Amino acid sequence: MKFSELIIPTLREAPADAEVASHVLLVRGGFIRRLASGSYNWLPLGLRVLKNIERIVREELERAGAQEILMPVVQPAELWRESGRWDVMGPELLRLTDRHDREYCVSPTQEEVVTDLFRRVITSYRQLPCNLYHIQTKFRDEIRPRFGLMRAREFIMKDGYSFHLDEESFEETYAAMHACYSAILARIGLHYRAVDADPGSIGDGESHEFHVLAESGEDEIAYSAESDYAANVEKAEAVALPSDGSVEPIQKTHTPGAKTIETVARFLDLDTTRCVKTLIVHDDSEESGLLALVLRGDHQLNEAKAGRIRGVRRPLEFASQADIETALGVGVGSIGPVGLSLPIVVDSTAAAMPSFVCGANVDDYHYVGANWHRDVTGEVRVADIRNVLAGDPAPDGTGPLSFLRGIEVGHIFKLGTKYSEAMSVTVQDASGRDVVPIMGCYGFGVSRMVAAIVEQCHDEDGVVWPDAVAPFDVHIVALNNTKSTDVQTVAERLHDGLQAAGLAVLFDDRDERPGVKFADADLIGIPNRITVGDRGLKEGIVEYRRRSESDVQKLSPDAVVGTCEDAVGDGLVPSRVRRPS
């Protein structure tokens, strides 16, 4: 395909709103163009990458036994009300009404629709297990779309769902999908990590995320270098840390103006690790009561963990200053567990402290030497509600935790019967007994994957596409071809020969300076480059270079097709080697 016949609007300067490499390079390379906040047009080069990713995803899913379907983008509100999620999803769910005032939403995910489809078409246990998926546009009304495709409002996602009569069948499919996602990322050639994760508002059990490792990743991953343990920080288990010291007598101390852990510790000349902080959140009762969360002073609340605590409102909602003053008669900064008339959930590390400093529930006063068993009465539960820190012991008993950054591109969930039970779905088993099917959910961000690949695969000059997903296999750069008949003739012959061999070829036939063509070639990042110029042809050679390498090879024109075939075919499956141009 000729460069002059494609829309490839390359740019020399980065767009003003771009913050990460993928956003910069995908716009500069002419792969995408912004339509509105968080919404992008896909240009020919970008769409070719997208379709290559989709093909790999489909091939691996078919190998895993999944069946492709296609569900609507616009979904009726009554299905979401039936599952109980219409009011839970919040403002990210884009709601609309039709001309008959019927309520709908624009799909952010498909649990309700696929469950409804299942109950309409599955009639026998003999049809189970059933593993369905589709690849479709989604919309989530992000409050702050950013980072280009990495956090867009409109995106393309593969989402899949499985249905099972028993746990054994489900576990087999869950393991198969874990292996499937690993195979997709390995085929593309990426460094990735599968980690334990929080299921959020979608799931109701165990889940795993698949992260492409990159410094620009929004997610932080805690891992042990001495084992396979890895988890998103939202899920990473914080082991209770031992505490030094002994039980001390309690003293009520005047601490004027000290409202934060730092100012209290400074006033009392103590380390923040000697203090606890008390956070007040709403409970899930109809009366909108309050509940206290207590952590060691230097630790941060993990809101995902806290949101999973029984009795805490979901999503987690902190009490306002007015709510606290009305309920407790004290301002924020002077609250503590001693004498507190609220249920208390204390982090396991804070619970291990024999003596601690805390608010006295009187403005400008704190207790020094408070003790859980002696001084705190009422309902107290111990739970893991803090973020892990570098150096914490791993929960599997191996060495200290370290951190990586990753871009989440896949997430698999154990849904249990959350949706099938809410939507009254049953299937008769072999004995005629009605069984509520167990469900699994398997999401993969196809358009986000494009950005994740670029974040991991680029250099200072542009994108370095992996062979498996590159928009073209070979880029022919013809120098001064509009002035040299020899260059034009050889370049066209190579173009035709490579295409006949089944390779996808981009032929830069433009009337541009060599510097412009080389800069665009580096920016676009096609894996194999053939440079045809008068100087080389006088010696009977053309130049071949891998985009990922600096070395240049001199080849006779007759050796080009074989060399490129070998390069493109190395490690790739046949369906990717022979593809339409």
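Biologist: At what N to O distance do the side chains of E317 and R313 meet in a salt bridge?

Modeller: This is a predicted model, in which local features need pLDDT of at least 70 and side-chain atom pairs count only at pLDDT 80 or more, whereas totals for chains, interfaces and linings use all residues. Residues are numbered from 1 along each chain as its sequence is written, and side-chain values use heavy atoms, with hydrogens and water left out. A salt bridge is taken as a side-chain nitrogen of Lys or Arg within 4 Å of a carboxyl oxygen of Asp or Glu. For E317 and R313, the N to O value is 2.7 Å.

Biologist: Is E317 buried, partly exposed or exposed?

Modeller: The classes rest on relative accessible area, with buried meaning under 20%, exposed over 50% and partly exposed in between (1.4 Å probe, protein chains only). Since the relative accessibility of E317 is 34%, E317 counts as partly exposed.

Biologist: What places D116 and R119 about one helical turn from each other, and how far apart are the closest N and O atoms of their salt bridge?

Modeller: Helices (H or I, at least four residues) and strands (E, at least two) are DSSP runs, numbered from the N terminus. D116 and R119 are about one helical turn apart because they stand three residues apart in helix α4 (residues 111-121). D116 counts as buried at 11% relative accessibility, while R119 is partly exposed at 29%. In their salt bridge the closest N and O atoms are separated by 2.9 Å.

Biologist: Which residue is the salt-bridge partner of R529?

Modeller: R529 is buried, with a relative accessible area of 8%, and its partner counts as buried too, at 13% relative accessibility. The side chains meet at 2.4 Å, N to O, and the partner is D522.

Biologist: Which residues are joined into one network by salt bridges that share partners?

Modeller: By the rule given above, the count comes to 40 salt bridges. Shared partners join some of the residues concerned into one network, and its members are E142, R146, R151, E218 and R448.

Biologist: Why is the pair of Y181 and F444 edge-to-face, and how many residues apart in sequence are the parts that it ties together?

Modeller: Rings of Phe, Tyr and Trp (its six-membered ring) pair if their centres lie within 6.5 Å, and planes under 30 degrees apart count as stacked, over 60 as edge-to-face and the rest as tilted; the structure holds six such pairs. For Y181 and F444 the centres are 5.3 Å apart and the planes stand at 75 degrees, so the pair is edge-to-face. Both Y181 and F444 count as buried, at 0% relative accessibility. Because Y181 lies in helix α5 and F444 in strand β23 (residues 438-445), the pair ties together parts whose separation in sequence, in residues, is 263.

Biologist: What is the angle between the ring planes of F356 and W372?

Modeller: F356 in strand β17 (residues 356-359) and W372 in helix α10 (residues 372-375) are 16 residues apart, and both are buried. Their aromatic pair is tilted, with 5.0 Å centre to centre and a plane angle of 40 degrees.

Biologist: Which helix is largely enclosed by the rest of the structure?

Modeller: In the protein chain as a whole, 54% of the 581 residues count as buried. In the helix of residues 446-456, the buried residues include R448, M449 and E455. As 11 of its 11 residues are buried, the helix largely enclosed by the rest of the structure is α12.

Biologist: Which proline follows L128 through a cis peptide bond?

Modeller: The proline lies in the loop between α4 and β7 (130-139). The bond from L128 is cis, with omega near 0 degrees, and it leads to P129.

Biologist: What is the omega of the peptide bond from R314 to P315?

Modeller: P315 has its place in the loop between α7 (303-307) and α8 (321-328). The bond from R314 to P315 is cis, and its omega is near -5 degrees.

Biologist: What is the phi of D269?

Modeller: D269 sits in the loop between α6 (261-268) and β14 (276-282), and D269 is exposed, with a relative accessible area of 70%. Although D269 is not a glycine, its phi is positive, at about 60 degrees.
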